[in-house]
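Me: I am new to this structure and would like the reasoning behind some of its labels. Please go through them with me.

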Amino acid sequence: MDWGMRNRINRIIKPDTGHTVMLAVDHGYFLGAMNRIEDPAATIKPLIQFCDALMPTRGVLRTSVDPATDTPIVLRVSGGNSIAGPDLANEGITVDFEDAIRLNVAAVALSVYIGTEFENQTLLNLTELVNQGQTFGIPVLAVTAVGKELEKRDARYLKLCCRISAELGAAIVKTYYCEDFEEVVKGCPVPVVIAGGPKLETELDALKMAYDAIDRGAAGVDMGRNIWQSDFPVPMIRAIREVVHKGAKPEEAHELFKQLRSESEKNVDPA
Ligand code: 5RP
């Protein structure tokens with residue numbers, strides 16, 4: 001692998017732990033102004049220093065992320081669908097590679113929809129990006145998306161999706177945590193990170209999911225809602241880091257979360 005490609009991957013997946021905490025803030029590309037990310041700049045500002053990579057769209061990057069940041073950017077470059085439209089799987093590539101380079105990205109990300117009517121189209125989107133990425137030394141992260149069909153998230157299906165994505169050249173694959181997750185990782189020759197999915201009932205639930213994923217071989221998390229939809233997003237991302245990078249047990253990380261939460265409550269300006 002070329003130096004540039006390796007360097008970009010090492011900026012995302014930290015070589016000292018082999019793990020990564022990515023923060024996904026790309027949801028608006030098909031879900032619009034979701035709860036707690038209506039003002040992306042306000043959501044991102046306190047969190048960006050605590051993530052190893054940020055995953056926005058280019059619209060959010062240009063409008064809402066301070067260019068002084070040294071956090072690597074994994075740019076969402078697929079879309080063209082919406083929650084109001086007929087089929088979430090119908091995605092195309094939305095960003096020219098030239099613009100991704102202009103934005104100094106560490107990687108580009110797209111969704112693939114395996115087993116849908118748009119399987120071929122979205123897999124060819126992946127190969128198009130991989131070909132361009134090879135030219136410029138930019139890795140591609142493939143998201144094994146399920147759209148509205150959350151029940152598809154089982155090991156047999158996700159193992160298929162992750163392997164196909166890696167076979168077609170994805171450098172990192174993002175998928176969902178599931179029962180028998182180690183089978184998904186075992187079948188995938190590139191690092192696997194997990195999405196958080198819809199907000200779980202408690203922070204402890206999300207910390208348990210992150211712990212179980214790492215324990216079963218994930219390289220990290222690329223989480224959104226379970227961080228920024230928490231009432232205490234900074235304590236939450238810091239607790240997630242404790243699990244992902246330091247191997248803390250969920251209960252230990254939850255203690256840290258509670259401690260940071262109470263400190264942040266004390267610091268609230270009463271005015
Ligand atoms: C949408 C995505 C999102 O980035 C993703 O699902 C991660 O965020 P969350 O943890 O909220 O699920 O890739 O296709």
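Reply: Two residues are in contact if their C-beta atoms, placed from the backbone, lie within 7 Å. The model is predicted. The buried residues of α11 pack against β1 (20-24), α9 (203-215), β10 (220-223), α10 (225-228) and α12 (250-266).

Me: Which residues of α11 are the buried ones?

Reply: They are Pro235, Met236, Ile237, Ala239, Ile240, Arg241, Glu242, Val243 and Val244. A residue is called buried if 20 or more other C-beta atoms lie within 10 Å of its own.

Me: How do you know that the span of helix α11 agrees with its number of residues?

Reply: Helix α11 has 14 residues (233-246), which at 1.5 Å a residue should span 20 Å. Its end C-alpha atoms are 19 Å apart, so the two agree. Just after α11 comes Gly247, with a positive phi of about 70°.

Me: Why does Asn104 count as exposed?

Reply: A residue is exposed if 12 or fewer other C-beta atoms lie within 10 Å. Asn104 has 11 such neighbours, so it counts as exposed. Asn104 sits in the loop between α5 (97-102) and β6 (107-112), and its phi is positive, about 60°, although it is not a glycine.

Me: What makes Arg36 partly exposed?

Reply: Arg36 has 17 C-beta neighbours inside 10 Å. Partly exposed is the class between 12 or fewer and 20 or more, so Arg36 belongs there. Arg36 lies in the loop between α2 (28-31) and α3 (40-44), and its phi is near 80°, a positive value in a residue other than glycine.

Key. Residues are numbered from 1 along each chain as its sequence is written. This is a predicted model: local features need pLDDT of at least 70, side-chain atom pairs count only at pLDDT 80 or more; totals for chains, interfaces and linings use all residues. Helices (H or I, at least four residues) and strands (E, at least two) are DSSP runs, numbered from the N terminus. The expected span of a helix is 1.5 Å times one less than its number of residues.
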